[in-house]
Every structure is written in C-alpha cells, then in structure tokens.
Amino acid sequence: MVLSPVIGKLLHKRVVLASASPRRREILSQAGLRFEVVPSRFKEKLDKAAFPTPYAYAIETAKQKALEVASRMHQKDLRAPDVVIGADTIVTIGGLILEKPADKQDAYRMLSRLNGKEHSVFTGVAIIHCCSEDGQLDMDVCEFHEETMVKFSELSEDLLWEYIDSGEPMDKAGGYGIQALGGMLVECVRGDFLNVVGFPLNHFCKKLVELYCPPRREDVQRVKHESIPAVDTFEIASDAAQGDEGCGPSRAGVDGHSGQAPAGPQGPDTNGLVENPPPFPSDLLDLIDGFKASKALFTACKLKVFDVLKEEGPLKAVDVARKINASVCGTGRLLDVCVALGLLEKTDTGYGNTRLASRHLASEGACSLHGFVAYHDEHAWTVFTDLESAVRQGPQAAAGRPEEDPSQSRDRRLRFMRAMHGLTQLTARQVATAFDLSRFTSACDLGGCTGALARELAREYPRLKVTVFDLPEVIEHVSSFHPEGWQPERLHFVPGDFFKDDLPDAQLYVLSRILHDWADDRVHELLSRVSRSCKPGTFTGPRRMMLNDDLGPVAPPQRVVT
Ligand SMILES: O=c1[nH]cc([C@@H]2O[C@H](COP(=O)(O)OP(=O)(O)OP(=O)(O)O)[C@@H](O)[C@H]2O)c(=O)[nH]1
C-alpha cells in the first residue's frame, strides 16, 4: 500500500491523539497508526468573529486541543509524547459556523438550515512535535485544513425529527453523521469523505510525507537561475553573506557551473531549443564536499560556539571570537558556514543558535550530541584519514601501531562512552518501543556502556529487570554519566567480557551497536555465546529473544527469536 511507509514513520514515536472522537480513533487505527488517546480538555469557545475564515477557526481550535494535551502530559511526568495530533470539524453555511448541537432544538435548527442545500465541512488538523529538554517543553506545530462540499436532499420535517430522535446528531458537527443514518440525508459529496467524518486521512498522510520524506533534491525541478541565486554550497552562501571575495572557490570555480542545471553537451541547439540536460550530480557534489561540512561542525562544537550562543546569543562575530578566544576573521567565516549548514541563524542582532543546535550541539542537555561529535572529530576523523592505507594493507596496518599509553586509552574510552551515551540517550526510546517487550521480565544489555538504553527499557517495561554487561574499565566510569546518588530501580551493572566470561542469565539479550564492530568470525562467536546462554524449550511463558538494534553502517533493527 502506497501510504503505509508514511504512517510507518510514526511507528517508533509515542503518538497521542488528543481527541475523544471515536471516529478519529477508528480512521487512524485503520490506517495502521499506533497511538494513545488522550482527549483534550480545551473548551471550544474561541471567538469565531476573530478569525478571517472558518477554517482558520477550525485550525486554531485543533491546535489548542493538541497543545493542551501536550503540556498537560509534559507537566504530569515531565515527558511529553513525541507527537500529538488534534483535530476540529465544523460545518459552514451562509457564513455561519455550525459545531455540535447543544440540544434537539439546536440540531433541528442546524439540519433545517442544511436542508436541500450544499454546505462546506472543514476539518482543521494540528500535528505537534514535542521535545522535552531540561524540564522545558519545545513544540513545533504543523497545521492544515481540508474542505469537503456536501449537498443535502430536500428532506421532510418528519424525516428530520425522526433522525434527531435517533440521537445520532448530538455529538456530530452540523448535527449529522454521514457515515451512519445521516448518510440518508446526503445527495452528493465533493471531496474527501473521511474529512466529513472527522479526519482528513489523505491530507494527513501527504503532510507526513512533507515532514518525514522530503523529496530528493534532484527530483525537485530546479528553479530558474535568474530568480534565485546559487547557494548550493556553504562556500557560496558564506561568500554572499560577507561580500568577501577571498573566501575560497565558489562552485563555479570548482566545476565551471553556476548552480543552474547545465544545458546539454552541445548547449542550445540550432532551433534555439535546449536539449534535456543530464541530471545535475548534487548528491555527488555533496559527497565530495561533505568532509568540509563535517569538519566545520566539529570545529564549531570544539570551540563551544553553540554553548556560547545558547547562553548569550545572539552575538556579533567579534563577540563570539572574543569568547572562544579565536580570530575575528576566522570566527566570522566559521559562523557563516554554520548559518549555511542550518546550524545557526543570522539576524541584524548577530548570530544565534537554531533550535537544532541548542538542543543537540551545546555540550549540556539530555539530547546533546556534543560527545558524539567530539568522538568523531578526535577519533573517527583520524581513522578515516588512514583509510587508504587500511584498504591497501588490510587490518594488520592498524595492528602494527604502537601501543597507546594507558592514560590516553582511558581518555579515549571516556570520550567513546560520552559519544555512545549521547547517541543512545537520543535513540533509546525508539529502540525500547520498537518491539513490544512487555512479556519479558529479565534482559541483559551486552556492551550496554553507561546504561542509557537499559534505563529506558526499565522505564518502559515496569516488570523488566535489566543487567548491563560491559568491561570492568567501562563499568568503573558509569556513575559519572548519571546524576549523583543515581540508584535506578531494576537496573544493575555487571563487569565482564562477553567473549570470555559467562553471560548473565536473561530472557532477552540486547546487542546495541555491537555487532558491526567485529569481523564475521567474532560475531559468530558472540552470537553462539548468546545462543548458548538462552535455554530454549523450557519455557511455557515468554520465549527467549535477542534484540539487535545495531544501527551501524549497514544493519537495520532486527530481532531473532530463539
Ligand atoms: O458526518 C460527520 N460529521 C462529524 C462527525 C463528528 O463530529 C465531531 C466534531 O466535533 P469536534 O471536531 O469538536 O470533535 P469532538 O468529537 O468533540 O472530539 P475532540 O475531543 O477531538 O474535540 C467529531 O467527533 C466527528 O467525528 C461525524 O461523526 N460524522
């Protein structure tokens, strides 16, 4: 089915439908969405006259319904869901907005008004993405509406009253339910039927595509050169912002191309027609340039640019330079690059963090990837610089390197732990909820490092006891990654080597970002050890299971049930 991959984008998120409407619940669950229902307490009493259009009213009401649920859930356990969906359906005729009838007389007034005529049904929808960080709730709102035209037949008074007496109109916008008895009143419908019922599923899915699957760059028709300046690379954007001619080659300098799709090899033909150009190799150019973007990001992180701007932004380049103890010219250029990369914003008052940067690139905060960035800058960068010799000489090249001194290896381990901790904090919830693990009572996270995933598993499954099994030199540092006095319930750490020592007994073994680190024979050895630790065939209750969420270079999440 075409749209299921779209709904699938929400599968690993905690989604809440902020609605008491059984119809909305049914439409969304039949589409395959997994969600909780938390009806909104928002009173639908906005001043209709204050809105320029009826749909603006419906959208605002939908938004307020969703916002109320998001902030209530956040206040309750300081953790809002990932996504909250709100909706509001109204009927309009002759400039009047009809909602649910207050009583039978009201229903009669509404239905009489609609009798024999065409009216509009609008549903406003709000999709709110929430992020709770440091006790603060951040929300991004995406909103839209859908209109459907419905025409009623000429209906007799008797039929109207019989319908009203059925009780059906009372909880329905405009006083009828098109999906049930009210369908008998309707002569024709123009537009999305489900929109009338209460939720415009088709438009919703299109919004999800916009939000989660934006079109690839080469699929988007290029805009005419004259109307938009070429800003494909950060160099060009940076240069344009500064008017600085000495800032390195623009793309035109690299490939003789101005950012416009090139004409065919021969250019315009003799008739003045342009041959179909070959596809512009944007992805390839991005690959070629990619290392510059990574290094700019690493450098800005290392110099704590995002911390400074989180604390004190917006700031001018000169002030940032002073605070990070760097040259004004260099800082200005780095800041411009960060603007072009979408990490910073530049206004008249100076440079400021984007929300993305404040959330993920500043060094503190539950969603910080600062450690992950530092690890890539300090470790992965060097390793990849040696890629050519590693490929030429094979793994023995690395094996031949001199032994690291112990204090360096300790530092490197801590950096690695910081990197893994940051990344796992970000993904743990999705991993923990990707499968229903509620039937298990014991789990062992092999190579579970700081316990960030184990903590989420324990939080998600109240019956689950989780053991983190990792090397003694890793376990030794775990406490520095958690608040002082941290004593998680149902979670404990066992030092050991999963290639040498007995694995702790558990029903569920988790291998998170482990397998990609090893050659096939080692992976086989480790999986055999896990398999031997599982004692199959003796259970009548939960079966043994191994969860591998290795999101490394190739392997997607998968599970093996033994
Ligand atoms: O043909 C139909 N038209 C409308 C409906 C239902 O009518 C209501 C519209 O009311 P509202 O948008 O305010 O939603 P509520 O039910 O109050 O739930 P919330 O908690 O989301 O405010 C809606 O239920 C439609 O489904 C119908 O069934 N058929």
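Q: What makes the pairing of the side chains of Lys172 and Asp171 a polar contact?
A: A polar contact is a pair of N or O atoms within 3.5 Å; within protein, one must be able to donate a hydrogen and the other to accept it, and residues adjacent in sequence count only if both atoms are side-chain atoms. The side chains of Lys172 and Asp171 are 2.8 Å apart at this contact, and therefore the pair falls within the 3.5 Å limit.

Q: How should the numbers and values be read?
A: Residues are numbered from 1 along each chain as its sequence is written, and side-chain values use heavy atoms, leaving out hydrogens and water. The model is predicted, with local features needing pLDDT of at least 70 and side-chain atom pairs pLDDT 80 or more, while totals for chains, interfaces and linings use all residues.

Q: Why is Lys172 called buried or exposed?
A: Buried means under 20% relative accessible area, exposed over 50%, and partly exposed in between (1.4 Å probe, protein chains only). Lys172 has 11% relative accessibility, so it counts as buried. This residue lies in the loop between α5 (157-165) and β7 (186-190); helices (H or I, at least four residues) and strands (E, at least two) are DSSP runs, numbered from the N terminus.

Q: Which residues does Lys172 contact, leaving aside neighbours within four places in sequence?
A: Contact means heavy atoms within 4.5 Å. On that rule Lys172 is in contact with Arg23, Glu99, Lys100, Pro101, Gly177 and Gln179.

Q: How do you know that Lys100 and Gln179 also approach the ligand?
A: A polar side-chain atom of Lys100 lies 2.3 Å from an oxygen atom of the ligand, and for Gln179 the corresponding distance is 2.8 Å. Taken alone, the ligand exposes 580 Å², and the protein buries 94% of that; accessible areas come from the Shrake-Rupley method with a 1.4 Å probe, and for residues, only the protein chains shown count as cover.

Q: What makes a residue part of the surroundings of the ligand, and which come nearest?
A: A residue is near a molecule or strand if one of its heavy atoms lies within 4 Å of it. There are 21 residues around the ligand, with Ser19, Arg24, Lys65, Lys100 and Val197 coming nearest. The elements α2 (22-30), β3 (83-93) and α6 (193-197) each supply at least two residues of this shell, and β3 gives the most, with 3 residues.

Q: Why is His119 called buried?
A: His119 has a relative accessible area of 1%, and therefore counts as buried. His119 lies in strand β5 (residues 118-133), and a polar contact of 2.6 Å joins its side chain to that of Tyr176.

Q: How do you know that the span of helix α13 is close to the expected one?
A: The expected span is 1.5 Å times one less than the number of residues. Helix α13 (residues 328-340) has 13 residues and reaches 18 Å from its first C-alpha to its last, close to the 18 Å expected.

Q: What caps the N-terminal end of α13?
A: Ser327 is the cap: one of its side-chain oxygens lies 2.9 Å from the backbone nitrogen of Gly330. Just after α13, Gly342 takes a positive phi of about 80°. The buried residues of α13 are Thr331, Gly332, Leu334, Leu335, Asp336, Val337 and Cys338.

Q: How many helices and strands does the protein chain have?
A: The protein chain has 21 helices and 15 strands. Of its 562 residues, 43% count as buried.
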